[in-house]
Amino acid sequence: MQTEPIQAKCKQFCRDFFTQLNAVHIDHLERKWIAISIIIITSLVGIIVIDAFFHGVNPPSKVETIDSASLHLSKEFAEENLGVQTDEKGNVVVRMVAGRYSFFPKHIDVPAETPITFRWVSMDVLHGVHIPMTNMSTMIVPGYVAEITTTFPKPGEYPLLCNEYCGMGHNHMWSNISVIEKEHWTSKQNTPVPAAKGGSVNE
Ligand SMILES: [Cu+2]
């Protein structure tokens, strides 16, 4: 494979570009602001790249999909699998279904100071979930699994509200979470998480 001519062409292109750039009169102050803008853009792109690689932030093509009409028949979101579960590694996973006009189950107990993975699905229309006074907020789009991992630093009662208008009963759509001290919390449903992650993963 011949790379030399391409490298030479690139070098020539860069040389020409900077020669032309230097020939253009740009005010000193303007030059500074151009540099600042480039630094900001580079930092933001860098944050996106770091997030993508190290925090698992993926493009929409990699999302998990699920059939809203047959949620109750799926392995993961069948009625008996909803609520709080602990897997063999001790990870706490909460599965909830949003539907007009409630979250199911209506009430859950979770431990404080423990990473908790929430997995939500919608059985009908677009919903949202928001826990005031925390950074927990996401949309629940029908057909997709919304997943967020968070930690509650303090015990207490937290309301869980729908923040996407979903119909006439939207303002009655809420649930609540009791955050219990880590030492006092015991998983009532200490059943293993189903092996298949997601009802049907996008293929
Ligand atoms: Cu709503």
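## A hairpin, two open helices and a nonpolar core

Let's start with a small detail: the hairpin of S7 and S8 has six residues between its strands, and Met133 there takes a positive phi near 70°. The two strands of this hairpin pair in the antiparallel sense, over four bridges. One pairing to look for is Gly128, whose bridge partner in S8 is Met139.

Keep in mind that you're looking at a predicted model. The average pLDDT of the protein chain is 83, and 88% of the residues score at least 70. Residues 192-203 are another story: pLDDT stays under 50 there, although the model has 28 contacts beyond four places in sequence for this stretch. Where pLDDT is low, the predicted coordinates should not be read in detail.

**The whole chain**

Step back and you'll find two helices and twelve strands in the protein chain. Going along the sequence, the pattern reads α-α-β-β-β-β-β-β-β-β-β-β-β-β. Of the contacts with a separation of 6 or more, 66% are between residues 24 or more positions apart. Buried residues make up 18% of the 203 residues.

**The two helices**

Here's how the helices look next to their expected spans.

| Helix | Residues in helix | Expected span | Distance between end C-alpha atoms |
|---|---|---|---|
| H1 (residues 4-23) | 20 residues | 28 Å | 28 Å |
| H2 (28-54) | 27 residues | 39 Å | 39 Å |

For H1, the expected span comes from counting 1.5 Å a residue, and the end C-alpha atoms agree with it. The H2 span agrees too.

Is H1 covered or in the open? The number of buried residues among its 20 is zero, so H1 lies largely in the open. H2 is hardly covered either, with a count of zero buried residues among its 27.

After H2 comes Gly56, with a positive phi near 65°. Val57 sits in the loop between H2 and strand S1 (64-65). Val57 counts as partly exposed because it has 13 C-beta neighbours inside 10 Å, and a residue needs 20 or more to be buried. Leaving aside neighbours within four places in sequence, Val57 is in contact with Asp51 and Ala52.

**The nonpolar core**

Now for the inside. The largest nonpolar core has 27 residues, and the ones that touch the most other members are Met96, Val97, Ala98, Val110, Trp120 and Val121. At least two residues each come from strand S3 (92-99), strand S5 (107-111), S6 and strand S11 (174-180). Which strand gives the largest share of this core? That's S6, with four residues. In soluble globular proteins, nonpolar side chains tend to be buried together.

Ala98 is a good one to click on. Beyond its neighbours within four places in sequence, Ala98 is in contact with Phe103, Trp120, Ser122, His127, Val129, Ile140 and Cys162.

**Leu126, between two strands**

Finally, have a look at Leu126, in the loop between strand S6 (115-122) and strand S7 (127-130). Is Leu126 buried or partly exposed? It's partly exposed, because 14 other C-beta atoms lie within 10 Å.

Leu126 also links up with residues elsewhere in the sequence. Not counting neighbours within four places, its contacts are Met139, Val141, Pro142, Glu164 and Cys166. Take Cys166: it is 40 residues from Leu126 in sequence, yet their C-alpha atoms are 6.4 Å apart in space. And Met139, in that contact list, is the bridge partner of Gly128, which brings us back to the hairpin.

Definitions and conventions
Residues numbered from 1 in each chain as written. Predicted model: local features only at pLDDT ≥ 70, side-chain atom pairs only at ≥ 80, totals over all residues. Buried ≥ 20, exposed ≤ 12 C-beta atoms within 10 Å, placed from the backbone. Contact = placed C-beta atoms within 7 Å. Expected span 1.5 Å × (residues − 1). Core = buried A, V, L, I, M, F, W, Y, C linked by C-beta atoms within 7 Å. Pairing = 2+ DSSP bridges. pLDDT = per-residue confidence, 0-100.
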